[in-house]
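Okay, thanks for squeezing me in before coffee. Let me put the model up and walk you through a few spots.

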Amino acid sequence: MKTKIYALLFFQLILTVTGYSQMYILNEDFSSATGTTPPVDWLNIVVNGTPQDEWHFDNPGAQSIAYPITEPFAIFDAAYYSDNQQTEEVALETAYFDASVSNYVILEFDHKYISGSGSICKIQAKEGNLWIDLVVFNSDILNVKHEVVDLSAVIGGVTNAKLRFLWKGNGSGFWAFDNISIYGALPLDAGISEIDNPVPPIGSGNQTVKVRLKNYGYYDLNTAEINWSVNGESQTPYSWNGNLAYGESKGDIAIGNYNFQGASVLKVWSESPNNQEDPNPYNDTTTVNLISSLCGEYT
């Protein structure tokens, strides 16, 4: 069992109890999958091809797949077990899941794709009896890449949603993926993800305080108020204006100056995204303990 799933489930529990942040709808790292047997209620379907044309979870061709993908993971390895001069079309379908918690539903996952001879890969959502293309891959992804896919238009608010990962090819290349998360995003949600300056150890004296603002919400972030304090003493707030899409961040935002002397606690937090209340206070704030560097001659 992968240890990463425990942290994710603990995080999901916190979010569910507080009701303030993203609601995770489906999390899957294939820890329970073996051989060609997918997780419970997932389906491994040969649409066209021979019986051995199935998704595997044991990396039978020993393909080199880098972190954060870790075994077991899902892979269709056409080069290893489907090089039979016949085309194959194989689907790995999720279990049905309830996406009615939000109209703004996001998919994130990690993958590597080697296209081979004209293969194509798709992620599709089921709408009634039809499968709707959400994203299509037909060019090599040589290094593991983290993908973010907006599912809102097709399954946002849907109670019986389903996705499938579809490989179509002819006996070469492979597609591997892992760490699937589907969650309902909040419309507005901003936070300070990092303090860029100062960082310990620091020299005593005047320093420009710079931070990174991140948009965790579904809507574009255009304005936010950035507040900060040193040793509990509030400083002049900074009004930020710009444009950040979902998941984007802006670093080195200079919010003010301070004459740091000795050990200090610098706290920075955001408020009022797009001049509205932020419903998720748990990612607003970043704090750093600053320690002055030593100087002079020592024996």
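So, Q207 sits in strand β12, residues 205–215; helices and strands here are DSSP runs, helices being H or I with at least four residues and strands E with at least two, numbered from the N terminus. This is a predicted model, so local features need pLDDT of at least 70 and side-chain atom pairs count only at pLDDT 80 or more, while totals for chains, interfaces and linings use all residues. Residues are numbered from 1 along each chain as its sequence is written, and side-chain values use heavy atoms, with hydrogens and water left out.

Back to Q207: is this residue buried or exposed? Its relative accessible area is 18%, so Q207 counts as buried. For the cut-offs, buried is under 20% relative accessible area, exposed is over 50%, and partly exposed is in between, with a 1.4 Å probe and protein chains only. What does Q207 touch, once residues up to four places away in sequence are set aside? You get N197, P198, I202, G256, N257, Y258 and F260, where contact means heavy atoms within 4.5 Å.

Next stop, β10. This strand covers residues 174–184, and 11 of its 11 residues are buried. Which strands pair with it? I'll go through three of them, and pairing here needs at least two DSSP bridges between the strands. Strand β1, residues 23–28, runs antiparallel to β10 and is joined to it by five bridges; L26 has I182 as its bridge partner there. Strand β3, residues 74–77, also pairs with β10 in the antiparallel sense, over four bridges, and I75 is partnered by A176. Then β5 and β10, again antiparallel, are joined by nine bridges, with E108 bridging to S181 in β10. As a general reminder, strands of a sheet pair through backbone hydrogen bonds, either parallel or antiparallel.

Staying on β5, have a look at D110, which is in that strand. D110 has a relative accessible area of 7%, so it is buried. Leaving out neighbours within four places in sequence, its contacts include P68, I69, H146, A176 and D178. N179 is on that contact list as well, and the side chains of D110 and N179 make a polar contact of 2.8 Å. By polar contact I mean a pair of N or O atoms within 3.5 Å; within protein, one must be able to donate a hydrogen and the other to accept it, and residues adjacent in sequence count only if both atoms are side-chain atoms.

Just before β5 there's S102, in the loop between β4 (88–93) and β5 (105–114). S102 comes out at 11% relative accessibility, so it is buried. What does its side chain reach? The backbone nitrogen of Y104, at 2.9 Å, and the backbone oxygen of A185, at 3.3 Å. Beyond four places in sequence, S102 touches G156, G157, G184 and A185.

Last thing: β4 is also part of an open sheet of five strands, in the order β2-β4-β9-β6-β7, with antiparallel pairing. The edges are β2 (43–48) and β7 (130–137), each with a single partner strand, so one side of each has no neighbour in the sheet. From one strand to the next, the twist averages 25°; axes are lines fitted to C-alpha atoms, for helices over the stretch in contact, and angles run from 0 to 180 degrees between N-to-C directions. Five bridges join the antiparallel β2 and β4, and L43 stands opposite E93 in β4. That's my tour, over to you.
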